[in-house]
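Please open the model in a viewer and keep the sequence panel visible. The stops below are given in the order in which they may be selected.

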Amino acid sequence: MSTPHNSLASTFAQQRTVMADFAELTKPSVTGLILFSTVIGFYLASSGSLDFALLFHTLLGTGLVAGGTAALNQYWERDTDALMYRTRNRPLPAGRMQAWKALAFGAGLALAGTIYLIWFVNGLSSLLAAATLISYLFLYTPLKTRTPHSTLVGSFPGAIPPLIGWAAVAGELPLAAWVLYAILFLWQFPHFLAIAWLYQEDYARASIVMLPVAEPDGKSTGRQIILCTLALLPVSLVPTWLGVTGNIYLVGTLLAGFGYLYYGLLAARRKTKPDARRLLLASVIYLPIIYALMLIDKVNP
């Protein structure tokens with residue numbers, strides 16, 4: 001026989017599970033990276049002291065759009081998520097949430113974030129956030145089951161967050177902002193190709209045509225990894241050439257870039273899952289390192 005105390009505890013546990021599922025829809029780790037990248041653009045575009053109120057509004061609006069985009073993506077991909085081991089326990093494929101709730105939640109967050117950015121930040125930042133959402137959902141997501149070039153398409157919206165931060169402060173996008181975009185754009189290829197290599201069978205089961213699925217020998221995947229890690233080396237040094245960062249950033253980023261290239265070369269040559277895992281780890285270490293270097297070695301105009 002249940003007691004009022006047990007009933008109350010059960011209700012609370014159910015509510016906590018529902019809240020956790022809604023939070024999972026926003027992909028907190030991905031949204032966190034988006035916000036970190038937004039902060040970098042905001043910080044480098046600022047002269048003098050930071051406008052913390054504007055930064056708060058920028059991050060809140062961007063976070064709402066990012067979380068809404070993630071939820072809408074999971075709504076769109078709920079059937080393919082159910083076919084993959086790594087995603088089948090998400091709220092929708094696991095049956096813990098009705099699809100219409102995820103759709104309403106995602107659409108509400110995205111719309112609220114877009115309007116919030118217009119109202120409290122500026123039109124350019126809102127436009128960039130909306131462009132990210134539209135291109136990610138209506139270009140990248142449907143192409144994942146049609147072409148291995150979806151990674152290229154998805155990298156364009158994936159690199160926009162630093163632009164949102166820069167636009168929030170400056171209301172424009174000079175060359176330095178586009179260099180931040182290029183760095184994040186190139187970083188994504190080895191990162192996501194390493195993930196695709198690790199979960200090659202999972203993606204194949206769901207008919208998601210990532211490059212390692214379309215060409216299992218790994219030659220094209222290896223070439224793309226080497227090309228992008230090589231290109232990232234000179235591009236990542238441009239902020240110092242533009243006078244945005246100093247020599248500490250220059251040396252640190254050069255060392256980090258060679259490390260990223262080293263693991264990329266190993267993965268491309270050996271074509272094994274352990275090397276893909278090492279490359280993935282190198283990618284998640286590389287980006288915070290160069291972002292941290294930007295934060296500590298910014299050159300104020």
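Select W178 first: in this predicted model, its relative accessible area is 41%, which makes W178 partly exposed. Add Y181, which at 12% relative accessibility counts as buried. The two residues belong to helix α9 and are three residues apart, so about one helical turn separates them. Their rings form an edge-to-face aromatic pair, with 5.4 Å from centre to centre and 70 degrees between the planes. Now extend the selection to F156, F185 and F189; together with W178 and Y181 these residues form one aromatic cluster.

Across the whole structure, a search finds 11 aromatic pairs. For another of them, select W76 and F138: the ring centres are 5.9 Å apart and the planes meet at 70 degrees, so this pair is edge-to-face. W76 lies in helix α3 and F138 in helix α6, and the pair links distant parts of the chain, 62 residues apart. W76 is partly exposed, at a relative accessible area of 40%.

Next, display the largest pocket, which holds about 1200 Å³ of space. Its lining comprises 48 residues; to find the centre, select K27, V30, Y136, H191 and F192, the lining residues nearest to that point. Elements that contribute two or more residues to the lining are α2 (28-45), α3 (52-76), α6 (123-143), α7 (150-158), α8 (161-170), α9 (175-198) and α14 (273-296). Colouring the lining by class shows 26 nonpolar, 15 polar and seven charged residues.

Move to S37 in helix α2. Is S37 buried or exposed? Its relative accessibility is 1%, and S37 therefore counts as buried, the cut-off being under 20%. Leaving aside residues up to four places away in sequence, S37 touches P161, P162, L184 and Y291.

Finally, select helix α13, residues 247-270. At 1.5 Å a residue, its 24 residues should span 34 Å, and the end C-alpha atoms are 35 Å apart, which agrees. Within α13, the buried residues are Y249, G252, T253, A256, G257, Y260, L261, G264, L266, A267 and A268. To see what covers these buried residues, show α9, α12 (219-241) and α14, which are among the covering elements. The tour ends at K271, which follows α13 and has a positive phi, near 55 degrees.

Key:
Residues are numbered from 1 along each chain as its sequence is written. This is a predicted model: local features need pLDDT of at least 70, side-chain atom pairs count only at pLDDT 80 or more; totals for chains, interfaces and linings use all residues. Side-chain values use heavy atoms; hydrogens and water are left out. On a 1 Å grid over the protein atoms alone, a cavity is a set of points where a 1.4 Å probe fits but cannot get out, and a pocket is an open set with protein on both sides within 12 Å along at least five of seven lines; lining residues have an atom within 4 Å of a point. Grid points are joined across faces, edges and corners, and a volume is the space filled by probe spheres set on the points. Helices (H or I, at least four residues) and strands (E, at least two) are DSSP runs, numbered from the N terminus. Ala, Val, Leu, Ile, Met, Phe, Trp, Tyr, Cys and Pro count as nonpolar, Asp, Glu, Lys and Arg as charged, and the others, Gly among them, as polar. Buried means under 20% relative accessible area, exposed over 50%, partly exposed in between (1.4 Å probe, protein chains only). Contact means heavy atoms within 4.5 Å. The expected span of a helix is 1.5 Å times one less than its number of residues. Rings of Phe, Tyr and Trp (its six-membered ring) pair if their centres lie within 6.5 Å; planes under 30 degrees apart count as stacked, over 60 as edge-to-face and the rest as tilted.
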